[in-house]
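Open the model in your viewer and set it to a cartoon view. The stops below say what to select and what is there.

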Amino acid sequence: MSLPTADVLVLLCSYNGADWLAAQLDSIAAQQGCSWALWISDDGSTDASLAVIEAFRARHPGHDIRLLQGPRQELGQGGSGGGAAQNFLWLLCHPDLPLGPQSHVALCDQDDIWLPHKLARGLARLRAEADAASSSIAGPLIYGAQSWHIDSAGRRIGKSRRPRRPVLLQNAVVQNMVSGHSLMLNPAALALARQAGRPAGIAFQDWWLSFLVLACGGRAVIDTAEVLLYRQHGRNVMGAPGGMVAALLRLRLLFGGRYRRWLNANLAGLQAAAMRPDPVQPSPEAARILAALLPAQSPLARLRQVWRLRLYRQGALGTALFYAAVLLGLA
C-alpha cells in the first residue's frame, strides 16, 4: 500500500546513537498538527541503533519510514563517508525521496527530543512567509528556531541564544545562525539544496544550507520560540555555545586554522555549485563575496575585502575576533 506524501519529510542521520535514539524517535511520533514521513541514513552503526530503528518502524506502519545505509558505504569497509555533514547531504540529495510540490524537509539529529509542536510550528512559519512574498512564486526559505539545553540525563541546563542582529548573507558567510536540529526547508530551498549537490569539504550541513539559501536570494526565517530539547553530552559534533569552556573552544577553532578551512569550503562549495551542469544562481552580492574572498591574497588584502563587504558575526566581540583572525591570516 502506497502512503500519501507527507507535509514534512524528516531526514535523520544516525551513527552509534542507541543511547538516545529511542527518545528522539518517540518525539517524532508525538508530533501534532501535520503529517510526517521519516527517512534515516545510518552511517555504519555498530551499537543497537539499527534495532531501535527497526522496532520503531514496526510500531508505526502507517508512516513511510525508511532505513538506508549512509555514504560510508561509498568508501568501502572502514570508510568514513565524510562524517555527519556528508551523511545529511547524501540523504538530502537522494533521488528516491518521496517529494511532492509542497514537500517541506526537516533535518533531525539522533540525540535530541522534539517538542510536540515543532514540525507544525515550523511548517506554519514557512508557509506564512511564502504567502507573504511579493511574487507569486516563493523563493528559498530556511527556518531555524530555539532550543532548551538538556544534559545526558534529560535535565534542563540552559537554552539557546537568539540572534541579536538580522540573519543576512553577510552574517551567514562567517557564522551559522540556523541550528541544524531545528532546521527546515521549504520546497524551493529543498530544490536548491538538491541542485547544489554534495560539495567536498563541507563541515556542517546547517551552516552550508543557510549560506547556500541566503547566497541564492533566499531568506532565513528565525523563530524565537523553543521547539526542542538539545541534548549536551560528550559526543556532540558541536555543542551549544555557552560558558568559558565553550568560548575557549571556539577561540581555538578560530585561531587554529580549522575555522578558515570550514569557511573556505563553503565558499568553494558555492562556486562549484554555480559551475554544475544545472548550476545554482548566486545573487550579485554572493558573486561579489566569492570574487573577493576565494582568490589567494595577503591577510591585509583579505581584511580590506572583509571590511568592504561588511561581513559580521552576531556579537561585537565575535566580529572583532573574526577581523583579528583575518588580519593574522587565520580566517
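Start with helix α6, residues 187-196, and helix α7, residues 205-215, which pack at an angle of about 105 degrees with their axes 10 Å apart. An angle from 65 to 115 degrees counts as roughly perpendicular, so α6 and α7 are roughly perpendicular to each other. Show the side chains where they meet: α6 contributes A189, L192, A193 and A196, and α7 contributes W208, L209, L212 and V213. Keep in mind throughout that this is a predicted model.

Next, select strand β2, residues 36-42. Is this strand mostly covered or exposed? It is mostly covered, with 7 of its 7 residues buried. In a regular strand, side chains alternate between the two faces of the sheet. Turn on the side chains of β2 to see which way they point: W36, L38, I40 and D42 go one way, while A37, W39 and S41 go the other way. Residues on both sides are buried.

Now add the neighbours of β2. Strand β1, residues 8-14, runs parallel to β2 and is joined to it by 7 bridges. To find one place where they face each other, select L9, which stands opposite A37 of β2. Add helix α1, residues 18-29, and a right-handed β-α-β unit of β1, α1 and β2 is in view.

Strand β3, residues 65-69, also pairs with β2: the two run parallel, with 5 bridges between them. Here D42 of β2 has Q69 of β3 as its bridge partner. Follow the chain from β2 through helix α2, residues 49-59, to β3; this β-α-β crossover is right-handed as well.

Move on to the cysteines. How many disulfides does a search of the whole structure find? The search finds 0. Select C108, which is in no disulfide; the nearest cysteine sulfur belongs to C13 and is 9.3 Å away. C108 has a relative accessible area of 0% and is buried. C216 also counts as buried, because its relative accessibility of 15% falls under the 20% cut-off.

Finish at R121, in helix α4, residues 118-132. With 33% relative accessibility, R121 counts as partly exposed. Which residues does R121 touch, not counting those up to four places away in sequence? They are Y143, D223, A225 and V227. Then select Q32: it lies 89 residues from R121 along the chain, and the C-alpha atoms of the two are separated by 9.5 Å.

Definitions and conventions: Residues numbered from 1 in each chain as written. Predicted model: local features only at pLDDT ≥ 70, side-chain atom pairs only at ≥ 80, totals over all residues. Heavy atoms only, no water. Buried < 20%, exposed > 50% of the residue type's maximum accessible area, 1.4 Å probe, protein only. Helix = DSSP H or I, 4+ residues; strand = E, 2+ residues; numbered from the N terminus. Pairing = 2+ DSSP bridges. Right-handed = clockwise from strand over helix to strand, strands pointing away. Disulfide = S-S within 2.5 Å. Axes fitted to C-alpha atoms, helices over the stretch in contact; angles between N-to-C directions. Parallel < 35°, antiparallel > 145°, perpendicular 65-115°, else oblique. Contact = heavy atoms within 4.5 Å.
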